[in-house]
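Let's walk through this fold together, one question at a time. Have a look at the sequence and the model first.

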Amino acid sequence: DLTRNASGHLVLRAVTVTRATWITVFVTLPRFVIACLLLVGGSYFIVSAGNMEDLILNALSLEFIIHTDELLYSVIASKNTRMIVEEVQPLRLGQFWNRFR
């Protein structure tokens, strides 16, 4: 439920259990798995550098991989969508968990 508060900011008041489940399964869990794989693989990738130049290049390439999703979002999402996402106030965790009780 997306509404505007008294100050004019967008506020997400509730998330249905179904939508929260879909978000968890198709967004949160894959991002967590990818982050874990990048932690292990990226650490090995950086540690395996033979000299300082390789270390710097490996670290820069890992940084590029980590920020690819933000780059794609900035290119693919329309300006209106980005403005709406930036305008939505964060959902406080206490309010979020209270919705499922």
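Q: Which residue in β3 does V11 stand opposite?
A: This is a predicted model, where local features need pLDDT of at least 70, side-chain atom pairs count only at pLDDT 80 or more, and totals for chains, interfaces and linings use all residues. Residues are numbered from 1 along each chain as its sequence is written, and side-chain values use heavy atoms, leaving out hydrogens and water. Strand β2 (residues 10-12) pairs with β3 in the parallel sense over two bridges; strands are DSSP runs of E, at least two residues, helices are runs of H or I, at least four, both numbered from the N terminus, and pairing takes at least two DSSP bridges. Opposite V11 in β3 stands Q89.

Q: Which strands stand at the edges of the sheet?
A: The open sheet has three strands in the order β1-β2-β3, with mixed pairing. Two of them have a single partner strand each, so one side of each is left without a neighbour in the sheet. Those edge strands are β1 (2-4) and β3 (88-89).

Q: How far apart in sequence are the parts tied together by R4 and E87?
A: R4 and E87 form a salt bridge (a side-chain nitrogen of Lys or Arg within 4 Å of a carboxyl oxygen of Asp or Glu), with their closest N and O atoms 2.5 Å apart. R4 lies in strand β1 and E87 in helix α4 (residues 79-87), so the pair joins parts separated by 83 residues.

Q: What is the orientation of α1 to α2?
A: Helix α1 (residues 17-47) and helix α2 (residues 52-66) pack at about 160°, with axes 9 Å apart. Axes are lines fitted to C-alpha atoms, for helices over the stretch in contact, and angles run from 0 to 180 degrees between N-to-C directions. Angles under 35 degrees count as roughly parallel, over 145 as roughly antiparallel, 65 to 115 as roughly perpendicular and the rest as oblique. That makes α1 to α2 roughly antiparallel.

Q: Which residues of α3 make the contact with α2?
A: Helix α3 (residues 68-76) packs against α2 at an angle of about 45°, their axes 4 Å apart. That makes α2 oblique to α3. Contact means heavy atoms within 4.5 Å; α2 contributes F64, I65 and I66, and α3 contributes T68, D69 and L71.
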